[in-house]
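Please explain how this chain is put together, starting with the terms needed to read it and moving from the domains to the ligands and then to a stretch of strands.

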Amino acid sequence: MTLQRERVCIIGSGNWGTAVAKIIGENVTKHSQVFEPQVQQWVFEEDYQGKPLTQVINATHENPKYLPGIRLADNIHAEPDLVKACSDSTVLVFVLPHQFVRGVCDDLVGKVNPNVKAISLVKGLEIKPDGITLFSEEIGRRLQIEEVAALSGANIADEVAREQFCETTIGSRSEAHGQLFHQLFDTPYFRANVIRDYVGVELCGALKNVVAVAAGISDGLNYGSNTKAALIRLGLMEMRKFGQTFFGGVEDTTFFESCGVADLITTCAGGRNRKVAEAFARTGKPIDVLERELLNGQKLQGSLTAIEVYQFLSARKMTNEFPFFDAVYQILYQGAPLDTIVKL
Ligand SMILES: NC(=O)C1=CN([C@@H]2O[C@H](COP(=O)(O)OP(=O)(O)OC[C@H]3O[C@@H](n4cnc5c(N)ncnc54)[C@H](O)[C@@H]3O)[C@@H](O)[C@H]2O)C=CC1
Ligand SMILES: O=C(CO)COP(=O)(O)O
């Protein structure tokens, strides 16, 4: 009997999506008894210097818009048609800015095999005033996929792409899926640890972005390392409280994984949320203007998550129980003084 090999599709091709494509392209070749060699990558099509980006990627094996200077394996095929990219696949890797997940899922309803295995690398939460959902659960519910896993960690994409050692955390309810995703992602320079607490993995990945905004504001005020460390600690406590209050089962040990305290440290030191928040503090320009000016099409997650968390808490009259998250929102969007962040 010959076992069916897994066919992988990566949904997304930004900075992280491209770094992950590099890892996946190499790992499917390494584990050739488990995975088909060809990997599809859905690319949100755009013009790059007069040519479609997918054409450029397929010709040069590089995504010069979102991860310049990094070569992808030849087995990565950039595909502009979402349904075509996914329809034949048995493994789906969602790696999109969180504001686009809803639209992508809308386009995929009824188009993917229900036995497909899926993992979300999205750092954000599906928050509406009336409720809060993890993207793994939202993707699973919308596309009728069982037990969608999550991956999150201290993983600044450019550093991972340059093969600088780091760790990551995979949260999977299913042990078998956890093992499969370990084979798909783990490398000597990107060490993956599989745990069961997918809820904690995703919550950390989403909420640390709001803390990174606070860290950027602190940098913009020329405060030093002590202040940033204090903000990281205060933010971490509030992340934990948010998990305990709205998601009973988050385990404290998850905060000690790469997705927890390690991601807070790296994002608050070198991430995009930090960088744009620092510019906000220095210039006073609106965040969306700075995002366009500084990120060349890459997207912020923390400033949006700050609004979503605020609206969610506000609808429950609970903003005063989460003063850190409230302060970030008030500074970014309500004109509160920048140093509100150190007067909690
Ligand atoms: N960049 C990083 O260092 C890391 C990012 N992440 C997370 O990975 C997720 C994806 O982020 P990146 O790959 O960095 O993306 P990015 O922010 O670098 O790029 C934005 C992406 O969105 C696409 N896009 C634009 N409009 C769209 C639309 N209407 N529909 C669908 N896609 C559209 C663009 O083509 C581009 O691929 C985010 O949740 C992020 O927080 C996680 C770890 C590291
Ligand atoms: O999630 C990240 C690193 O783990 C990247 O954070 P930024 O989106 O702030 O760059």
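Helices here are DSSP runs of H or I with at least four residues, strands are runs of E with at least two, and both are numbered from the N terminus. The model is a predicted one.

The domain assignment of the protein gives two parts, domain 1 (8–196) and domain 2 (207–342). Their C-alpha centres are 25 Å apart. Across the boundary, 22 residues of domain 1 are in contact with 23 residues of domain 2. On the domain 1 side, β8 (125–128), β11 and β12 each supply at least two of the touching residues. The largest share of that side, three residues, belongs to β11. By class, the side of domain 1 that touches domain 2 has nine nonpolar, ten polar and three charged residues.

Where does ligand 1 lie with respect to the two domains? Both domain 1 and domain 2 give residues to the shell around ligand 1, so ligand 1 lies between them. There are 25 residues around ligand 1, and those that come nearest are G14, N15, W16, K123 and A157. Two elements, α1 (15–30) and α4 (101–108), give two or more residues to this shell. The largest share, three residues, comes from α1. Sorted by class, the shell around ligand 1 holds twelve nonpolar, eleven polar and two charged residues.

Ligand 2 is surrounded by 13 residues, of which N155, T267, G271, R272 and N273 are the closest. The elements that give two or more residues to the shell around ligand 2 are α8, α10 (258–270) and α11 (272–283). Here the largest share, three residues, comes from α10. The shell around ligand 2 has three nonpolar, seven polar and three charged residues. Each of the two domains, domain 1 (8–196) and domain 2 (207–342), provides at least three residues of the shell around ligand 2.

The strand β11, already met at the domain boundary, can now be followed through its pairings. On one hand, β11 (residues 166–171) pairs with β10 (residues 149–152) in the antiparallel sense, over three bridges. Within this pair, S152 has T169 of β11 as its bridge partner. On the other hand, β11 is joined by six bridges to β12 (residues 190–195), and these two strands run parallel. T169 appears in this pairing too, standing opposite N193 in β12. The link between the parallel strands includes a helix: β11, α7 (residues 175–185) and β12 make a right-handed β-α-β unit.

After β12 the chain enters a loop that leads to α8 (198–220), and R196 is found in that loop. Is R196 buried, exposed or partly exposed? A residue counts as partly exposed when the number of other C-beta atoms within 10 Å of its own falls between the limits of 12 or fewer for exposed and 20 or more for buried. R196 has 16 such atoms within 10 Å, so R196 is partly exposed. Leaving aside neighbours within four places in sequence, the contacts of R196 are with G171, S172 and R173. G171 is a residue of β11, given that β11 covers residues 166–171. L82 is 114 residues from R196 along the chain, and the C-alpha atoms of R196 and L82 are separated by 30 Å.

Terms used. Residues numbered from 1 in each chain as written. Chains lettered and ligands numbered in written order. Predicted model: local features only at pLDDT ≥ 70, side-chain atom pairs only at ≥ 80, totals over all residues. Pairing = 2+ DSSP bridges. Right-handed = clockwise from strand over helix to strand, strands pointing away. Near = placed C-beta within 6 Å. Nonpolar A, V, L, I, M, F, W, Y, C, P; charged D, E, K, R; others polar. Domains from an automatic or database assignment. Contact = placed C-beta atoms within 7 Å.
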